[in-house]
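Good morning, and thank you for coming. I should like to take you through one protein chain, from its overall form down to a few particular residues.

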Amino acid sequence: MRMRAIDIFEFPTNLGLRQQAEDQEPGVSRMPEWLHQHGLHERLQAEQVFRLEPPAYTMEQDEATGLLNVEAVGDYAIRQAQLMSRQLEKDSFKLVLGGDCSILIGSALALKQKGKYGLFFLDGHTDYITPELSQTGGAAGMDLAIAAGLGDERLTNLEQCRPYVDPQHIFCVGNREYDEAYVQPVQESAVHVYDLAAIRSQGIPAMIESFWAMINEQELDGFWIHLDVDVLNDTLMPAVDSRQQDGLSYEELAEILIPLVSHRLAVGMEITILDPSLDKDGQYTLPLVHHLVDVLDHM
């Protein structure tokens with residue numbers, strides 16, 4: 001029997017992504033409705049559902065930095081944090097449904113305003129790059145760096161709260177983009193990095209134990225989980241904007257997530273990047289819903 005109620009937050013923004021085809025905006029904004037349609041809300045018996053509508057999608061690029069929709073992304077993050085902050089005192093598990101990965105900015109800001117929190121970042125990419133390294137200018141590809149205080153101040157220092165998460169309180173897990181220039185920024189930071197190869201060589205239990213040790217040593221108030229579904233094996237979840245070979249199995253994902261979501265200091269988890277336009281019959285979404293419900297039933 002689940003020990004905590006679940007509150008769902010829907011943040012269907014796609015402002016952090018560049019459109020891949022002319023006149024076709026990224027489909028991740030439909031993710032909350034798509035998961036609802038495939039039974040997630042009903043099966044989780046969510047106690048409350050909150051939703052924040054995003055601004056209309058644009059491709060406004062900052063001339064100086066190349067950042068995409070920088071003002072709109074920052075404004076949405078502030079409003080997201082305000083909505084979440086009103087609910088953080090409640091002892092429920094917060095399940096946040098994106099949208100693209102830029103929703104991490106609002107989640108991390110809300111937590112920073114409440115206390116000292118850690119971040120378990122599960123993603124097929126590190127998302128720890130600066131605008132200078134980005135090929136798209138999209139905040140969705142820089143969200144971890146932004147949360148850790150690296151990048152343009154219009155996104156990294158909202159409400160004068162930089163950094164939203166101290167880098168030494170972050171575990172970056174599941175990356176399988178091994179390009180040297182790409183991984184260099186996170187490897188040179190204080191972030192704890194476990195790419196896919198490291199997970200499999202060192203083992204999931206050892207990684208989780210290291211996370212608990214960090215939480216205890218740093219005397220954190222709690223932690224947040226970020227789950228970009230592109231951390232999954234590409235054969236299981238190809239309905240994402242940046243595909244790569246390999247990735248976690250659902251069994252590996254459950255082995256990681258179950259001890260995290262069942263821990264008393266877990267505030268909640270956000271899920272990002274599933275694009276319904278790339279899964280028109282739901283063949284990849286239905287297994288995802290099934291496995292998410294199974295994981296969250298362990299709380």
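I shall begin with the chain as a whole, continue with its nonpolar cores, and finish with individual loop residues.

Please keep in mind throughout that this is a predicted model. The protein chain contains eleven helices and eight strands. Its radius of gyration is 17 Å, close to the 19 Å that the globule rule gives for 299 residues, so the chain is as compact as a globular protein of that length. Measured out along the principal axes, the C-alpha trace spans about 50 × 45 × 40 Å.

How much of the chain is buried? Of the 299 residues, 60% are buried. The contacts also reach far along the sequence: among those with a separation of 6 or more, 75% are between residues 24 or more positions apart. The accessible surface comes to about 12300 Å², and carbon and sulfur atoms contribute 46% of that area. As for charge, the chain carries 20 positive and 48 negative charges, and the mean positions of the two sets are 6 Å apart.

Let me turn to the interior. In soluble globular proteins, nonpolar side chains tend to be buried together. In this model the largest nonpolar core has 59 residues. Which residues have the most contacts inside that core? They are Leu95, Phe120, Leu122, Leu260 and Met269. Met269 serves as an example: leaving aside neighbours within four places in sequence, its contacts include Phe93, Leu95, Trp224, Leu257 and Leu296. Apart from this core lies another, of 50 residues, with Phe9, Tyr128, Tyr182 and Val191 among them.

I now come to the loops, and to two peptide bonds in particular. Most residues other than glycine have a negative phi, and most peptide bonds are trans. Against that background, the bond joining Gly98 and Gly99 is cis, with omega about 5 degrees. Gly99 is placed in the loop between strand E3 (93-97) and helix H4 (103-112). A cis bond also leads from Arg162 to Pro163, where omega is near -10 degrees. Pro163 belongs to the loop that runs between helix H6 (153-156) and strand E5 (170-173).

Two aspartates deserve a remark for their backbone angles. Asp127 has a phi near 50 degrees, a positive value in a residue other than glycine. Its loop lies between strand E4 (117-122) and helix H5 (143-147). Is Asp127 buried or exposed? With a relative accessible area of 4%, Asp127 falls under the 20% cut-off and is therefore buried. Asp246 likewise is not a glycine, and has a positive phi of about 70 degrees. Asp246 sits in the loop between strand E7 (222-228) and helix H10 (250-261). Its relative accessible area is 37%, between the 20% and 50% limits, so Asp246 counts as partly exposed.

Finally, consider Glu47, in the loop between helix H2 (40-44) and strand E2 (48-51). Glu47 has 48% relative accessibility and counts as partly exposed. What does Glu47 touch, if residues up to four places away in sequence are not counted? The answer is Ala5, Ile6, Asp7 and Lys90. From Glu47 to Gln245 the separation is 198 residues in sequence and 37 Å in space, C-alpha to C-alpha.

That concludes the presentation, and I welcome your questions.

Methods. Residues are numbered from 1 along each chain as its sequence is written. This is a predicted model: local features need pLDDT of at least 70, side-chain atom pairs count only at pLDDT 80 or more; totals for chains, interfaces and linings use all residues. Side-chain values use heavy atoms; hydrogens and water are left out. Helices (H or I, at least four residues) and strands (E, at least two) are DSSP runs, numbered from the N terminus. The radius of gyration is taken over C-alpha atoms; the globule rule is 2.2 Å times the number of residues to the power 0.38. Buried means under 20% relative accessible area, exposed over 50%, partly exposed in between (1.4 Å probe, protein chains only). Contact means heavy atoms within 4.5 Å. Accessible areas come from the Shrake-Rupley method with a 1.4 Å probe; for residues, only the protein chains shown count as cover. Lys and Arg count as positive and Asp and Glu as negative; His and the chain ends are not counted. The place of a charge is taken as NZ of Lys, CZ of Arg, CG of Asp or CD of Glu. A nonpolar core is a set of buried Ala, Val, Leu, Ile, Met, Phe, Trp, Tyr and Cys residues joined through side-chain atoms within 4.5 Å.
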